[in-house]
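This report looks at charged pairs and at one surface feature. The structure comes first, then the reading of it.

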Amino acid sequence: MVLKIILRSALVLVLIVILIGVSACAYLALNGRVLLLSEIEKNLGVKAQISSLRVSFPPALIVDGFAIQDSIKIDRLIVSPSLLGLLKGGIILNVLIIERPVLQVTRNNDDSFVFCNGIFDKRPLAAEPQKISGEATPAPADSKKKTKKPGKFYLSRLQIKDANIEFVDNGIVGAEPFKM
């Protein structure tokens, strides 16, 4: 009798976990593309495109046709997260596979180079480090407000397949840009 109750409870628990997993996959499949595009545009300040986004099993997020302002193009991006790491609050990726990326480097008339149409020149990706002084500083009046710390990010395996760099030479005045 007790064994039947334990088995039924375990079965109900497994069904609930499966239902939560299927719901999360369905949510990502329906809304993941819009969420990912809005985060990229908000953090980098540039337009991005994604042809399709899907979730596969074993747990992986597959992004096809990823492009940022026609200067970074990736045919397929496969992200396999660690589910245990997500539950702990960090971002732990077991595998990140980047297939057929193309990055654009442009030479200007003044012999300066622009990497990916200046996408990363607009603002820093990380916050500026604060200077540390030996003096004790008084706590601000609103120190009771907690600031949200960024989560930890770990990457176990990175694969880049068939990468290309496209060089655009605008160095000759009056001539068409030369692509290589």
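A salt bridge here is a side-chain nitrogen of Lys or Arg within 4 Å of a carboxyl oxygen of Asp or Glu. The model is predicted. Across the whole structure, a search finds 6 salt bridges. Side chains of opposite charge can pair when their charged atoms come close.

**Salt bridges between strands**

Three of these pairs are set out below, each with its N to O distance.

| Pair | N to O distance | Separation in sequence |
|---|---|---|
| R76 and D64 | 2.7 Å | 12 residues |
| D75 and R100 | 2.7 Å | 25 residues |
| D169 and R107 | 3.2 Å | 62 residues |

Take R76 and D64. Their side chains meet in a salt bridge. R76 sits in strand β3 (residues 72-81), and D64 in strand β2 (residues 60-68). The pair thus links distant parts of the chain. Is D64 buried or exposed? D64 counts as buried, because its relative accessibility is 13% and the cut-off for buried is under 20%. R76 is partly exposed, at a relative accessible area of 28%. The pair also belongs to a wider group: R54, D64 and R76 are linked in a network of salt bridges.

Strand β3 also holds D75, whose partner R100 lies in strand β4 (residues 91-107). The side chains of D75 and R100 meet in a salt bridge. D75 lies in one strand and R100 in another, so the pair ties together parts that are 25 residues apart in sequence. Both ends are partly exposed: D75 has a relative accessible area of 39%, and R100 has 37%.

Strand β4 supplies R107 as well, and its partner D169 is in strand β7 (residues 164-169). D169 forms a salt bridge with R107. This pair, too, links distant parts of the chain. D169 counts as partly exposed at 25% relative accessibility. R107 counts as partly exposed, also at 25%.

**A nonpolar surface patch**

Which residues form a nonpolar patch on the surface? They are L11, V14, L15, I18 and V22. Together they have about 470 Å² of accessible area. V14 is placed in helix α1 (residues 2-44). Why can V14 count towards a patch? Its relative accessible area is 46%, and patch residues need over 30%. V14 is therefore eligible on exposure, and it is classed as partly exposed.

Note on methods: Residues numbered from 1 in each chain as written. Predicted model: local features only at pLDDT ≥ 70, side-chain atom pairs only at ≥ 80, totals over all residues. Heavy atoms only, no water. Patch = residues over 30% accessible without salt bridge, like charges linked within 9 Å, V, L, I, M, F, W, Y side chains within 5 Å. Areas by Shrake-Rupley, 256 points an atom, 1.4 Å probe, with all protein chains shown as cover. Helix = DSSP H or I, 4+ residues; strand = E, 2+ residues; numbered from the N terminus. Buried < 20%, exposed > 50% of the residue type's maximum accessible area, 1.4 Å probe, protein only.
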